[in-house]
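Let's take a walk through this fold, one piece at a time. Have the viewer open and follow along.

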Amino acid sequence: MRIISGIHKGRRLIAPKKLPVRPTTDMAKESLFNILRNRYQLSSLKVLDLFAGTGNISYEFASRGAEAITAVDAHSGCVKYINETASTLEMPIETLKSDVYDFLGRETAAYDLIFADPPYDFEDTQFIKIVELVFDRNLLKAEGSLILEHSKHTDLQNIRNFKELRKYGGSAFSFFQH
C-alpha cells in the first residue's frame, strides 16, 4: 500500500500479513481523493474512518493535511498497526478499538466526512444500519458526506440519502448526504 499524495506522497507501507483486511486499491483511492479534493478543503475536515483496517484511508487524509481523523476498527492488530504508523509518521490519527455499530450508537460528535469500508460480503441490511445510525444520530455535518466502499456488485442506490455511485474496477463508492 502506498500514500498517493500530500506530504507523505509515494511512501510505501507494509502491513502485517496476519491482519484480516482488504485495503482499498491505489486506483480506487486515487479516484476517490480526486473527487474529494474538488469538493472539500481537505485540511479543514474532521474525518471518521470506520472499519479502518490498515489505516490506508486515514493515512491519505492525514498526508493531505486533515487535522482530525478518528479511525475505528474492532481488530486489535489493526488498531495497533495504525497507532504505530501514525506515531512514526506524526499523523493526527486517533484510534479506537470498537465494533463500528457500538461506536456509532454512542458517538455524539459530528464529522465532515465519514468513510466506511466494511467487508465486501456485508448484507444490505448491514449497510442500511450504518446509514441509519449516521443520519438518525446526526453524526454527519450539514455539508458532509458518508462514503461507503463496497463490491461493484452491491447496489445501495435505494437507501435513503443516497446521492451518487462511482465504480473503479471491482470496487464501488456510494455517497450519502443530507
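A good place to drop in is E94, which touches I69, T70 and A71 once residues up to four places away in sequence are left out. Keep in mind that you're looking at a predicted model. E94 itself is found in strand β3, residues 93-97, while β2 covers residues 68-73. Is E94 buried, exposed or something in between? Its relative accessibility is 45%, so E94 counts as partly exposed; the window for that label runs from 20% to 50%. For a sense of distance, try L139: E94 and L139 sit 45 residues apart in sequence, and their C-alpha atoms are 17 Å apart in space.

Now slide over to strand β1, residues 46-50. This one is mostly covered, with four of its five residues buried. What does β1 pair with? One partner is β2: the two strands run in the parallel sense and share five bridges. If you want a landmark there, pick L50, whose bridge partner in β2 is V72. Another partner is strand β4, residues 111-116, which is parallel to β1 and joined to it by four bridges. Here the landmark is D49, standing opposite F115 of β4. As a general point while you're rotating the view, side chains in a regular strand alternate between the two faces of the sheet.

Getting from β1 to β2 takes you through helix α2, residues 56-63, and the three elements together form a right-handed β-α-β unit.

Helix α2 also has a helical neighbour. Two packed helices are described by the angle between their axes and the distance between the axes. For α1 (residues 26-39) and α2, the angle is about 45° and the axes are 12 Å apart. That angle is why α1 counts as oblique to α2. The crossing of α1 past α2 is right-handed. On the α1 side the contact is made by K29, L32, F33 and L36, and on the α2 side by N56, I57, E60 and F61.

Last stop: a couple of backbone oddities. Most residues other than glycine have a negative phi. N138 has a positive one, near 55°, and lies in the loop between α5 (124-136) and β5 (140-151). N161 also has a positive phi, near 70°. Where is N161? Look in the loop between β5 and β6 (162-168). With a relative accessibility of 22%, N161 counts as partly exposed, because buried would require a value under 20%.

How values were computed:
Residues numbered from 1 in each chain as written. Predicted model: local features only at pLDDT ≥ 70, side-chain atom pairs only at ≥ 80, totals over all residues. Heavy atoms only, no water. Buried < 20%, exposed > 50% of the residue type's maximum accessible area, 1.4 Å probe, protein only. Pairing = 2+ DSSP bridges. Right-handed = clockwise from strand over helix to strand, strands pointing away. Axes fitted to C-alpha atoms, helices over the stretch in contact; angles between N-to-C directions. Parallel < 35°, antiparallel > 145°, perpendicular 65-115°, else oblique. Left-handed = near helix turned anticlockwise from the far one by under 90°. Contact = heavy atoms within 4.5 Å.
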